[in-house]
Amino acid sequence: MKLYLKRVENAKDLPLPKYMTDGSAGMDLFANVYEEIVLEPNKIKLIPTGIVISLPKGFEAQIRPRSGLALKHGISLVNTPGTIDSDYRGEINVILINFGDKPFIIKRGDRIAQMVINRIELPEIVELNELDETQRGEKGFGSTGL
């Protein structure tokens, strides 16, 4: 599988998404901002990445938080994981939130999130009047114990 992408006009100087190790599942995405962005505690900002991708049908890109930013600064994504559908052709943006207690500065080229490519199944939807029985049944949250 190949991931086709292009950089938007104002992001030609930014690195392409990059796997940081041979075993990485996610490739890092970079902030396409010109001025420093201050993300205050408990606030949300939309941060562009400077890339547009083309995925084959049957694939998605998931945008996920970077664990180091989460642990050290409380930075995460509001909609984690964010889904990029195979037919979307706009710039990928990341919805960051600061769960920390200090302002977080985002600079041009900072690694702000990671992108994982996944194959997906598109099932045929079949409506039934009854579903099969299971031991758990309708028992929900916490029903299997702590």
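Is Asp 28 buried or exposed? Select Asp 28 in this predicted model: at 5% relative accessibility, Asp 28 counts as buried, since the cut-off for that class is under 20%.

**Stop 1: the partners of Asp 28**

Keep Asp 28 displayed and add Arg 111. The two side chains meet in a salt bridge, with a distance of 2.7 Å from N to O. Arg 111 belongs to strand E11 and Asp 28 to strand E2, so the pair links distant parts of the chain, 83 residues apart. Arg 111 itself counts as partly exposed, because its relative accessibility is 31%.

Next add Arg 66. This residue also forms a salt bridge with Asp 28, and here the closest N and O atoms are 3.7 Å apart. Arg 66 sits in the loop between strand E6 (59-64) and helix H1 (67-73), while Asp 28 is in strand E2 (residues 27-30), so this pair ties together parts that are 38 residues apart in sequence. Arg 66 is buried, with a relative accessible area of 17%.

With the three side chains on screen, the view shows a network of salt bridges linking Asp 28, Arg 66 and Arg 111. Side chains of opposite charge can pair when their charged atoms come close.

**Stop 2: Lys 12 and Glu 9**

Move to Lys 12 and Glu 9. Their side chains meet in a salt bridge, at 4.0 Å from N to O. What is the exposure of each partner? Lys 12 counts as partly exposed, at 47% relative accessibility. Glu 9 is exposed, with a relative accessible area of 67%. The count of salt bridges in the model comes to four.

**Stop 3: Ser 76**

Select strand E7 (residues 75-77) and pick out Ser 76, which lies in this strand. Ser 76 counts as buried, at 14% relative accessibility. Which residues does Ser 76 touch, leaving aside those up to four places away in sequence? Show Pro 65, Ile 95, Leu 96, Ile 97 and Phe 99: these are its contacts under that restriction.

**Stop 4: a negative patch**

Finish at the surface. Select Glu 130, Asp 132, Glu 133 and Glu 138, which form a negative surface patch. Within this selection, centre the view on Glu 138. Where in the chain does Glu 138 lie? Glu 138 is found in the segment after strand E11 (111-119), the strand that also holds Arg 111 from the opening stop. Glu 138 counts as exposed, because its relative accessibility is 85% and the cut-off for that class is over 50%.

Terms used:
Residues numbered from 1 in each chain as written. Predicted model: local features only at pLDDT ≥ 70, side-chain atom pairs only at ≥ 80, totals over all residues. Heavy atoms only, no water. Patch = residues over 30% accessible without salt bridge, like charges linked within 9 Å, V, L, I, M, F, W, Y side chains within 5 Å. Areas by Shrake-Rupley, 256 points an atom, 1.4 Å probe, with all protein chains shown as cover. Lys, Arg positive; Asp, Glu negative; His and termini not counted. Charge placed at Lys NZ, Arg CZ, Asp CG, Glu CD. Helix = DSSP H or I, 4+ residues; strand = E, 2+ residues; numbered from the N terminus. Buried < 20%, exposed > 50% of the residue type's maximum accessible area, 1.4 Å probe, protein only. Contact = heavy atoms within 4.5 Å.
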